[in-house]
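I opened the file to look up the fold, the core, the pocket and a few single residues. My notes are kept in the order in which I checked things.

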Amino acid sequence: MKLRTLFFAIVLSMTLSLTTSCYTRTGCINQMEHLRNDLRDNSAYYTIQDWEDAARKFGDIRKRMTRYRYTPEQRRQIGELEGQCARYMVKGIKDGAINGIMGVGNEIRGILDALGIKY
């Protein structure tokens, strides 16, 4: 009985990993959607390492996508996702720079306030 349960668990985990990885056409699209969502929600707060990881993931997904043939509808969806990723990358870099500048500005204000200097 234990062996049967273990076998079922292994098969289930393999099935789930295949459906969420780039081992299928739709898995690659799903990964691109996940990256797009992460860029949309978090890129304004990315570190340099986060940006390197995001760029690597984007390239890896695109490379894996070349292994499959996609329908015209899927190609349109992929194009939209890639465009959205690019847009969120640009927006994230811009927002991250602004957040960094504002953070430095607030730190300088705090220092000036602590020193009793009026600005």
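The entries below go from the whole chain to single residues.

**Entry 1: the chain.** I noted at the start that this is a predicted model. I counted 4 helices and 0 strands in the chain. Read from the N terminus, the order of elements is α-α-α-α. I then looked up burial, and of the 119 residues in the chain, 23% are buried. I also checked how far apart in sequence the contacting residues are. Among contacts with a separation of 6 or more, 69% are between residues 24 or more positions apart.

**Entry 2: the nonpolar core.** Which residues of the largest nonpolar core touch the most other members? I found M32, L35, L39 and M65 in that role, in a core of 17 residues. The elements giving two or more residues to this core are α2 (25–42), α3 (48–65) and α4 (72–115). I took L39 from this group and listed its contacts, skipping neighbours within four places in sequence. L39 is in contact with Y46, W51, A54, C85, Y88 and M89.

**Entry 3: S43.** I went next to the loop between α2 and α3, where S43 is found. Is S43 buried or exposed? Its relative accessibility is 4%, and because the cut-off for buried is under 20%, S43 counts as buried. I then looked for what its side chain reaches. A polar atom of the S43 side chain lies 2.6 Å from the backbone oxygen of L39, the core residue of the previous entry. The S43 side chain also reaches the backbone oxygen of Y88, at 3.4 Å. With residues up to four places away in sequence left out, S43 touches D38, W51, Y88 and G92. I note that W51 and Y88 are also on the contact list of L39.

**Entry 4: T47.** I stayed in the loop between α2 and α3 for T47. T47 has a relative accessible area of 42%, so I logged it as partly exposed. I looked up one distance for T47. Its C-alpha is 9.9 Å from that of I93, with the two positions 46 residues apart in sequence numbering.

**Entry 5: E82.** I picked E82 as a charged residue to check in helix α4. At 18% relative accessibility, E82 falls under the 20% cut-off and therefore counts as buried. Which residues is E82 in contact with, leaving aside neighbours within four places in sequence? I found M32, F58 and R62. Of these, M32 is one of the core residues that touch the most other members.

**Entry 6: the largest pocket.** I then turned to the largest pocket, which holds about 160 Å³ of space. I listed its lining as Q31, H34, L35, D38, K57, D60, I61 and R64. Helices α2 and α3 each supply at least two of the lining residues. Sorted by class, the lining has 4 charged, 2 polar and 2 nonpolar residues. L35 is in this lining and is also among the core residues named in Entry 2. D38 is in the lining and is also touched by S43.

**Entry 7: R64.** I ended with R64, a lining residue of the pocket that sits in helix α3. R64 has 27% relative accessibility, so it counts as partly exposed. What does the R64 side chain join in a polar contact of 3.5 Å? The partner is the side chain of Q31, and Q31 is another residue of the pocket lining. I also looked up R64 against T24, 40 residues apart along the chain, and their C-alpha atoms are separated by 9.4 Å.

Definitions and conventions: Residues numbered from 1 in each chain as written. Predicted model: local features only at pLDDT ≥ 70, side-chain atom pairs only at ≥ 80, totals over all residues. Heavy atoms only, no water. Core = buried A, V, L, I, M, F, W, Y, C linked by side-chain atoms within 4.5 Å. Buried < 20%, exposed > 50% of the residue type's maximum accessible area, 1.4 Å probe, protein only. Contact = heavy atoms within 4.5 Å. Polar contact = N/O pair within 3.5 Å; in protein donor to acceptor, adjacent residues only side chain to side chain. 1 Å grid on protein atoms, 1.4 Å probe; cavity = no way out; pocket = protein on both sides within 12 Å on 5 of 7 lines; lining within 4 Å. Points joined across faces, edges and corners; volume = space filled by probe spheres on them.
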